[in-house]
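Grab a pencil and work through these exercises one at a time. Try each task yourself before you read its solution.

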Amino acid sequence: MYVTGISSKSIIEKLPYEKIDVEYRRFPDGEMYIRFEEKIKKIRELLIVQSLYPPQDVHLIQLFFMLDACKELNINVHLFIPYLAYARQDKRFKDYECISSKTVLNILNSFNLKSFYTIDVHEKKLLKHIKTESKNVTATSIIGRYLREEDLKDPVIISPDKGAIDIARRVAEILNCEYDYLEKKRISGDTVETRPKNIDTRGRDVVIVDDMISTGGTMARACEILKKEGTRKVLAGATHLLMVGGAEEKLKGAGIDKIFGTDSVPHKYSSISVAPLIEGELKIML
Ligand code: R5P
């Protein structure tokens, strides 16, 4: 198998496939230029790994140009997008809005992909728009393995809301420990209390897990609640560490003891590589 891509070089380096170099630069007016090395002309099947973290639009246009060049060369492309951008605009929240996730996927469909993979997509239902074989791969196995090496005291895995409970459950299964989610409860007309639904975390270590940390607001709030409950250590982890808008400061201010995530988005806390997930999927597919 041959592999190429621009935004996920550190992932590609860890894959045991032959690399295809791609030159990219900007014209003086800011437009993007893309050219594959000549070796590509003999290739019939190619894996493209291109994550769509910020600046999302730059990484998207690079992807579209690579895919179009491959289409012209009649290359069968397996596309692996570790972080799928625009997945949060999965429906029309207000009249006349563009459902940008659907737009992105419709454009991808025009390149006749052989297969399509992404990791912990924000909304799984989105994949129904992909016309080829597609799969949402979960990073919970590699997150669980990473946490096994942490010295955790009587750990509990908690998701910041019910929506991410599946991530918490899967990670907890690997660690063989309990899991829960933070639940909002109305105590009186003007008081809402948020706390773990079933588990007392006093004196225990809690790992909060989610699909992504964007501005850090969700995690910071969850951490403050858990620290008030008497939790010993609070670790915050997510598949995609976007970490925008002062997220790190927010999390540290809330008392988070450790931040971790995968390299779907390059960041100083992205220490878990998704390369084994890609290799695993390719082995099944080939
Ligand atoms: C929400 O549905 C997501 O799963 C994350 O909880 C959210 O996107 C995190 O965003 P932020 O870090 O800005 O609170």
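**Exercise 1. Find out how much area the two domains bury between them.**

Keep in mind that this is a predicted model.

Step 1: Start with the area. Domain 1 and domain 2 bury about 1,300 Å² between them, with 55% of it on carbon and sulfur atoms.

Step 2: Look for the big contributors. On the domain 1 side, Tyr83, Asp120 and Thr138 supply 38% of the area buried against domain 2, more than any other three residues.

Step 3: Place the domains along the chain. The domain assignment gives domain 1 as 2-138 + 274-285, and domain 2 as 140-263.

Step 4: Add the contacts. Here 14 residues of domain 1 touch 13 residues of domain 2, while the C-alpha centres of the two domains lie 30 Å apart.

**Exercise 2. Work out what kinds of polar links join the domains.**

Step 1: Count the salt bridges. There is one between domain 1 and domain 2.

Step 2: Check a pair against the cut-off. Lysine 14 and aspartate 263 come to 3.9 Å, N to O, and the pair counts as a salt bridge because the limit is 4 Å.

Step 3: Count the polar contacts. Seven residue pairs, both at pLDDT 80 or more, make one between the domains.

Step 4: Sort the residues on the side of domain 1 that touches domain 2: eight are nonpolar, two polar and four charged.

**Exercise 3. Decide whether each partner of the glutamate 281 salt bridge is buried or partly exposed.**

Step 1: Identify the pair. Glutamate 281 bridges to lysine 135, and their closest N and O atoms are 3.0 Å apart.

Step 2: Locate both ends. Glutamate 281 belongs to helix 8 (residues 275-285) and lysine 135 to strand 8 (residues 133-137), 146 residues apart in the chain.

Step 3: Apply the cut-off. Glutamate 281 has a relative accessible area of 9%, so it is buried, since buried means under 20%. Lysine 135, at 36%, counts as partly exposed.

**Exercise 4. Do the same for glutamate 18 and its partner lysine 39.**

Step 1: Check the distance. The closest N and O atoms of glutamate 18 and lysine 39 are 3.2 Å apart, in a salt bridge.

Step 2: Find them in the chain. Glutamate 18 sits in strand 2 (residues 18-19), and lysine 39 in the loop between strand 4 (32-36) and strand 5 (45-49).

Step 3: Compare with the cut-offs. Glutamate 18 is at 40% relative accessibility and lysine 39 at 33%, so both count as partly exposed.

Step 4: Widen the view. Glu18, Glu37 and Lys39 are linked in a network of salt bridges.

Notes. Residues are numbered from 1 along each chain as its sequence is written. This is a predicted model: local features need pLDDT of at least 70, side-chain atom pairs count only at pLDDT 80 or more; totals for chains, interfaces and linings use all residues. Side-chain values use heavy atoms; hydrogens and water are left out. Domain bounds come from an automatic or database domain assignment. Contact means heavy atoms within 4.5 Å. Buried area is the accessible area (1.4 Å probe) that two parts lose on being put together, summed over both. A salt bridge is a side-chain nitrogen of Lys or Arg within 4 Å of a carboxyl oxygen of Asp or Glu. A polar contact is a pair of N or O atoms within 3.5 Å; within protein, one must be able to donate a hydrogen and the other to accept it, and residues adjacent in sequence count only if both atoms are side-chain atoms. Ala, Val, Leu, Ile, Met, Phe, Trp, Tyr, Cys and Pro count as nonpolar, Asp, Glu, Lys and Arg as charged, and the others, Gly among them, as polar. Helices (H or I, at least four residues) and strands (E, at least two) are DSSP runs, numbered from the N terminus. Buried means under 20% relative accessible area, exposed over 50%, partly exposed in between (1.4 Å probe, protein chains only).
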